[in-house]
Amino acid sequence: MLNSHDHRELLATEAATLVPAVKSFPAVMYLESQRGCPYDCIMCTVPKTYGRRPSEMPDEILDKLNPYFKYVETLAIHGNGEALLSRKMDKYIEIANENGSFLHCNTTGFPLNQRLTNRLVDVKLDLRFSIHAGTAKTYKRVMDNDFEKTIKKIGRLIDLSHQKGHKENTFWLSFIVMKDNVDETEQFINLAYKLGIKEVRFMCLHPNKRTIFGTRRNEKDEKFSHFEQANSTVSARFNKRLPTLKEQAAKLGINIGSGSMNYWSGVNAGLRDVANRFSNKIVKQNIFPISRPRGSCLAPWTGQIQVEQNGDIGLCCSVKHVIGNIYKQSFAEIWHSQHMNEIRDSFSHKKQPRVCGYCRGIGTSEYAIPVNQLIDVKCIEA
């Protein structure tokens with residue numbers, strides 16, 4: 001196997017030229033560190049689906065993946081639960097440090113305490129905090145937690161990271177747009193500024209079996225329904241605010257980065273996504289979009305694979321499409337399979353594979369890692 005430097009050169013060349021049959025391996029890998037969650041965010045189905053006592057990634061899977069960790073530049077540890085609750089956090093930090101990788105996850109920030117904060121600042125970090133509100137009242141409604149306490153925890157981590165001189169660390173705030181919070185987007189931008197965070201993103205609300213029919217934590221709560229929270233009216237309100245948000249963010253030195261809200265509202269994909277989720281369970285295929293759109297994505301080259309605790313290897317953390325199982329095949333066999341070659345070939349011809357549904361794909365700006373910077377250089381040179 002190649003050393004990490006030569007592999008990066010190979011991967012960047014293959015990604016820049018969109019070669020379908022590759023010899024490289026992913027630079028971005030997602031591990032389902034947790035399956036299950038004790039928390040109760042109103043729009044999340046994980047506690048109902050997997051339970052409130054999280055299970056951990058088996059050591060056997062980590063051992064099978066170990067030869068490929070040296071090529072990983074972003075080690076992501078979230079899947080179906082709160083990543084920072086993992087009892088294997090020290091192990092993930094060790095893997096990231098040994099290979100010079102960023103440790104990445106989406107997190108509520110709820111589990112942050114002094115010990116965990118001190119451990120996290122010993123590794124390169126790419127953390128995206130799920131906030132989804134601009135006020136304490138809405139935060140309680142959506143996240144069922146204390147707004148001020150969580151913001152203080154996040155602030156302590158960022159401050160300590162700055163004190164340690166980790167200039168390469170990146171922190172984002174994420175905001176899932178819905179009826180309950182669409183009027184708090186300005187407060188959300190201001191919150192990012194107060195925390196010293198330079199990147200935010202606005203995400204669409206995905207339907208799930210909990211929210212499609214409406215849910216509430218107790219009988220006294222107002223019902224939370226997907227189609228009330230995410231519809232054309234909410235999208236229109238967000239899009240009307242977006243120019244002002246961009247102006248506000250620019251004045252504060254904040255970038256509104258990758259996020260699915262603006263794209264999804266433009267294609268009105270909510271109901272079609274529901275249909276895709278049902279069809280995927282039955283026939284393992286998306287129905288929509290009916291005609292394959294033009295599209296581009298680097299994930300089939302640079303990776304954004306999702307390794308699940310049952311050994312399934314998913315194409316991407318955004319798409320529920322299994323490309324193999326690590327208990328049945330080696331990781332090299334899965335990544336270099338004919339099926340993956342066909343997916344890469346589709347993107348090389350600017351056609352989005354049907355398995356990707358309404359995902360808009362990723363580019364080099366998604367992760368601030370060396371291989372993406374090298375891909376940009378090679379594309380310019382070409």
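**Notebook: aromatic contacts**

I looked up aromatic clusters and found that F25, Y68, Y71, F331 and W335 form one such cluster. I note that the model is predicted.

**Ring pairs**

I searched the whole structure for aromatic pairs, and the search returned eleven. I took Y139 and F147 next: the ring centres are 5.3 Å apart and the planes stand at 65 degrees, so I recorded this pair as edge-to-face, given that planes over 60 degrees apart count as such.

I then asked whether these two residues are buried or exposed. Y139 has 0% relative accessibility and counts as buried. F147 is buried as well, with a relative accessible area of 9%.

I turned to F175 and F188, whose ring centres lie 4.8 Å apart. Their planes meet at 55 degrees, so I entered the pair as tilted. I also looked up which elements carry the two rings. F175 belongs to strand β7 (residues 170-176) and F188 to helix α8 (residues 185-195), so the pair ties together parts that are 13 residues apart in sequence. I checked accessibility here too: F175 is at 0% relative accessibility and counts as buried, and F188 is likewise buried at 0%.

**Charges over rings**

I looked up where the charged end of K124 sits. I found it over the ring of F102, 4.6 Å from the ring's centre. I made a further entry for R128, which lies over the face of W172 at 4.4 Å from the ring centre.

Notes
Residues numbered from 1 in each chain as written. Predicted model: local features only at pLDDT ≥ 70, side-chain atom pairs only at ≥ 80, totals over all residues. Heavy atoms only, no water. Phe/Tyr/Trp six-rings, centres within 6.5 Å; stacked < 30°, edge-to-face > 60°. Buried < 20%, exposed > 50% of the residue type's maximum accessible area, 1.4 Å probe, protein only. Helix = DSSP H or I, 4+ residues; strand = E, 2+ residues; numbered from the N terminus. Lys NZ or Arg CZ within 6 Å of the ring centre and 35° of its normal.
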